[in-house]
Amino acid sequence: MRVQPEPMDLRLSPERWLDTGIEAILYTLLAFGPLVFGVVHPWSEQVVILLAAALSVAFLLKLVVFRTTPLVRTWAYVPVAVFLLVAALQLLPLPSSLVATISPNTAAIKTDLLADLPDAEEALSSMTLSFYPRATRRDLRLSLAVAAVFFVVVNFYRNPARIRRLLAAIALVGGGVALVALAQVLTGSGKIYWFVPTYTKVANSGPFINHSHYGQFLNLSLGAAVALLLARLHEAFMGDELTPARVADYLSSPEATPVKLLVGMVIVGVATVFISLTRGGMVSMLIAAGFTTLMLSWRKSLRGRGWIMVLLALGAFLCVLWVGFDQVYHRLGTLSEFDKAEAGRWQIVKDIALAWTRFPLVGVGLGTHEVVYPMFNRSTIAAWAMHAENEYAQVAEEMGAVGLVALVIFGGVVWINYARSLRGSSIPIRSAAYGLGFGLLAILIHSFSDFGQHLPANAMLTAVTCGLLVALGRRRARKVKSQEGRGDPRWLPAEGQAQGPAPTPSSLGAFLPSCLAFALRVIVLVLVVGVWVWAVLGADRARSAAAHWNQVLAAERRLEADQWLAEEADYDFLFTHAIAAVVAEPDNIEYRHWLGAYKWLSLTPYIDPNTQQLREEALPWARQITEELLDARVVCPTFGATYCLAGMIERFVLNDPNGAVHIRQGYALAPCDPTACFAAARIDAEEGEIPEAFAKLTRAVQLDGRLFRQAAQVCIRDLGRGDLAVQLAQEDPGRLAHVGNALSAADGVVSLSATAEVAAGAGRQLAEQAQAKAFEQLKEKCEQPDAPASAHASLANLHRKQGDTEAAMRHYRRALMKDYSQVGWHYALAQLLADQGRTEEAIHQARICLRLRPQYTAARKLIEQLSVLPPAAK
């Protein structure tokens, strides 16, 4: 027989207002995360921290003011507290001797890298266990927010009505996200929300940029939807025989409307996980679904409910067939190549295992993987690994054995409570544990090959799932008398839990403990508020700095277009915002590094065009830039790019031999940084280490294609190997054309094994071969209807050099049809038209240049020159 819910008390007491506020804040937090791409920007991180702070403070106010609900006692608090305390310990400046005792390699590496500081003795007298405190603070702020959500859910959601509302809210948010993903797929949009571009030009993961992160979010949301579905079905059919006729009768009733909506959400959600093509999400979902079906079939109270999972899977399969089965089938077919696909990730895990042996107890610092792992990187992946692609390995690396054990213990406590809920699943609301366990198991499996839990939107949902499982497992049922006199199983507070206003103390002996408990709660509230003030202020500084840095990046793009030969106002704008970002967040190594890089680039006008050397008057500025870069190392001693940039200026501009040492250090710290690879290659070239230099140049170009021209010049000029420049270009027509031009411009190719005359002839032949190869490849590429605008522009440039003006103009026009905003192409076309005597057309193209870029001086001069021509010339 179904238990009817008790009537809701509609009196708006202060406590009820506070309860409503707590629920509203949590629902807002859970909805906000996925809507803003999973929380990937500093401003959205600040909003999440503010909401988590408001949630926890509101709940603590409830405990202090009303004192009607004691805290749930669970061992789950202990590992969470240990994890947070270890992260806090990593931030404390400790005496160097103590750091050497706790983590000897941390002290040794920092001492070795910073020994050449002017005030090294003072700077190294104390240090943190974290290699990058700024990253640790950022992750600690978010970890506090996640822990706060877990704590509130465990203690606040202690009756079926609240739990059902929370599960419904999660299902609603997850269903909305799934519908957005489905709509984007059906409309063929390559942009999130139809206007936000993605780096893959594919938008099949709803508002999430990464499809694996979407898979984790949807699996958790699906778990909540299945949990609510099972709880409602348990209530509807409790004590009744589950026959097809009974099910059909129930589904035709208005009471089944929420169930049908939940079924629809699950079907669409499962289908979109498959459509997003996340292999980890699909595989983990299938394993978790099989486990949940087994549990449903095993428990006597829910035996016969396993068909629910089968029907949901069938509905999702039909949805996938309708939307895009071929892509899903092809993606699943790549599982046969799983070993190849996971080879790089497995190598990362092995490298992290090596790193863990160096920092076994408390790790290298929460959030510092990006700046520490490169020292141990032996993988074949060319790109910089910002995350470990394995949550457990990254926790071991960053938090050491203590953090990893705390995480394992926490998971054990949650699953113990899951088992308790299954043993008591005769109570309808406890049936929700099956669905929650499905979502949790799916993301635990997926976390072996993804870093989705680093996304706050996913981490918050995981905290809610774990909190609900603990809350369900801590409850006990007992018989109460219904109005009819029969014994009904109700989900009641555990023994000792208060169910109404606190009793009035009748003696001093009862009054004193009550006062002490009240004072303790007030103290805890004050401390928590203090912690949140620290977290919110830190998040606000990060948000402010990021806002300034966005302006810096916009200015950088404009300066790059002008090859850093811009007006002083453009540089002033960039430096104003870059300095503001550094002031707002002085411990951000990336901001400080790039501020130094921009200062160095601002000296471009002081480079002699003939000798390519920095003029004498600019050398003091170069020395100052180097000193600022080297001083910035204190913020993060393992950020290799800073060592390399400072070393390059020292070695190749100031002729300081210490530059080679700094470059070697930088490359050892960051072998996947393009600047580090290029700088180390130049040092190898100076020392005649040709194979080593070429290997580093190849990797530098793989990481940053913009370095190709400089790398090719090193091959031709420093190594004397034009063939290596051709090899570096591979089959890229534009690069081959550049190599051909560079070889043609060279007086000869220096060779250690041939005469200068033979070498010069070989160089010319190599140049001709490169140019011919580039020309043929570009012609073939431009014949394709989907040829990019850049290909037409490159071919136009080659035609122009060969003297075929008509062909050059034709391809410039085709390029501009595909990308009208390219000022340089308009100007090149204007020059060609002017050379052909087509003055009016040339002026028209030059005016287009000025419309697109009003400060384009060359176009203005061309118009002036053409405007004074005599009529006959026009």
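Begin by selecting Trp 532 in this predicted model, and display its neighbours beyond four places in sequence: Trp 532 touches Ile 49, Ala 52, Ala 53, Ser 56, Val 57, Leu 144, Ala 145 and Ala 148.

Keep Trp 532 on screen and widen the selection to the core around it. The largest nonpolar core holds 148 residues, and Trp 532 is one of those that touch the most other members, together with Leu 26, Val 149, Leu 166, Leu 167, Val 464 and Leu 468. Colour helix α9, residues 211-237, next, since this helix gives the most to the core, with 16 residues. As background to this view, nonpolar side chains in soluble globular proteins tend to be buried together. Apart from this core lies another, of 35 residues, and a convenient way to find it is to select Ala 712, Ile 716, Val 726 and Leu 736, which are among its members.

Now move to a pair of helices. Select helix α11, residues 257-275, and helix α12, residues 279-298, whose axes come within 8 Å and cross at roughly 140°. Angles over 145 degrees would count as roughly antiparallel, and those from 65 to 115 as roughly perpendicular, so the crossing makes α11 oblique to α12. In handedness, α11 passes α12 in a left-handed crossing. To see the contact itself, show the side chains of Val 270, Val 273 and Phe 274 on α11, and, on α12, Gly 281, Met 282, Met 285 and Leu 286.

The next stop is Ser 421, which is found in helix α16, residues 391-423. Is Ser 421 buried or exposed? Ser 421 has a relative accessible area of 0%, and because buried means under 20%, this residue counts as buried. Leaving aside residues up to four places away in sequence, Ser 421 touches Arg 430, Ala 433, Leu 469, Leu 472 and Gly 473. Of these, Gly 473 deserves a distance label, as the side chain of Ser 421 reaches the backbone nitrogen of Gly 473 at 3.4 Å. Add Arg 474 as well: this residue is 53 residues from Ser 421 along the chain, yet the C-alpha atoms of the two are separated by 8.3 Å.

Finally, zoom out to the whole chain, which has 35 helices and six strands. Buried residues make up 51% of its 874 residues. Among the contacts in the chain with a separation of 6 or more, 70% are accounted for by residues 24 or more positions apart.

Conventions: Residues numbered from 1 in each chain as written. Predicted model: local features only at pLDDT ≥ 70, side-chain atom pairs only at ≥ 80, totals over all residues. Heavy atoms only, no water. Helix = DSSP H or I, 4+ residues; strand = E, 2+ residues; numbered from the N terminus. Buried < 20%, exposed > 50% of the residue type's maximum accessible area, 1.4 Å probe, protein only. Contact = heavy atoms within 4.5 Å. Polar contact = N/O pair within 3.5 Å; in protein donor to acceptor, adjacent residues only side chain to side chain. Core = buried A, V, L, I, M, F, W, Y, C linked by side-chain atoms within 4.5 Å. Axes fitted to C-alpha atoms, helices over the stretch in contact; angles between N-to-C directions. Parallel < 35°, antiparallel > 145°, perpendicular 65-115°, else oblique. Left-handed = near helix turned anticlockwise from the far one by under 90°.
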